[in-house]
Amino acid sequence: MKRLYHWPLDPAGRLVRLVLGEKGEAFDLFESTPWAPHPDVSGLAHGAVAPALVETGPAGKTFACGTRAICEQMEELKPTPALLPEDPNERAEARRLWAWVEAGCEEVTDKLLTERVMQWVRRDRQPDSEKLRRGAHALRGRLTFLNGMVELNGYLAGRTLSLADLSAAAHLSAYDYFGDVEWDAVPDLKTWYARIKSRPSFRPLLSDRIEGTRPVAHYADLDF
């Protein structure tokens, strides 16, 4: 059995959960918060952090840490269903947009999501209003770009689901937990997200509840 060390609201961990779900892989979840990592994770390798996927079998223990290592490994070990297009150009475009999502959302996660966690989950200090403002502004810019891509292609990188879509959905779902995504401003992206969140792999994410806080009312509503 696979073990995934993660934190429920971490977009990186959410992406890995979606990939494992799409691949039909069974796994056990072990919580590893950013502020108190699970001791098993640091013992995997120097500098290892969650998400970390560990599997122990007859040949011993194998592990991968970080979204790129885990998702690429799963695509190699279980190529069906494919989460990267078969065509080389389309596959490169999916990888490009996947990288864009992870880099482009870093500021949003660092400022907006982190401050929401400090405000509603940890409650150990007052949130920084300037960081919240800058994070919300950055999110609006990312939403506009993503809306344009799905309006053009149907999915982010083309006409089929890819790792780029799952990465974007993982990030947006974390922000949406606190109601920070202005869906009405991006109607094409809203329609795209409704399709993604209706997939079986997404259901465990919609059932996530963080101690001390609850998601906004529409969070698990497939029809918003």
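A residue is called buried when its relative accessible area is under 20%.

**Figure 1. Buried residues of helix α8 in the predicted model.** Helix α8 covers residues 187–197. Its buried residues are Leu 189, Trp 192, Tyr 193, Ala 194, Ile 196 and Lys 197. The list thus holds Lys 197 beside Trp 192 and Tyr 193.

**Figure 2. Surroundings of helix α8.** The cover over the buried residues of α8 includes three helices, namely α6 (129–153), α7 (163–176) and α9 (203–206). Among the residues that lie under cover in α8 are Leu 189 and Ile 196.

**Figure 3. Order of helices and strands along the chain.** The chain contains nine helices and four strands. Read from the N terminus, the elements follow the order β-α-β-α-β-β-α-α-α-α-α-α-α.

**Figure 4. Overall dimensions and packing of the chain.** The C-alpha trace spans about 50 × 45 × 30 Å along its principal axes. A compact globule of 224 residues would have a radius of gyration near 17 Å, and the chain agrees with this, having 17 Å. Buried residues make up 47% of the 224 in the chain. Of the contacts between residues at least 6 apart in sequence, 67% join residues at least 24 apart.

**Figure 5. Surface and charges of the chain.** The exposed area of the chain is about 10,900 Å², of which carbon and sulfur atoms supply 51%. The chain carries 29 positive and 33 negative charges, and the mean positions of these two sets are 2 Å apart.

How values were computed. Residues numbered from 1 in each chain as written. Predicted model: local features only at pLDDT ≥ 70, side-chain atom pairs only at ≥ 80, totals over all residues. Heavy atoms only, no water. Helix = DSSP H or I, 4+ residues; strand = E, 2+ residues; numbered from the N terminus. Rg over C-alpha atoms; globule rule 2.2 N^0.38 Å. Buried < 20%, exposed > 50% of the residue type's maximum accessible area, 1.4 Å probe, protein only. Contact = heavy atoms within 4.5 Å. Areas by Shrake-Rupley, 256 points an atom, 1.4 Å probe, with all protein chains shown as cover. Lys, Arg positive; Asp, Glu negative; His and termini not counted. Charge placed at Lys NZ, Arg CZ, Asp CG, Glu CD.
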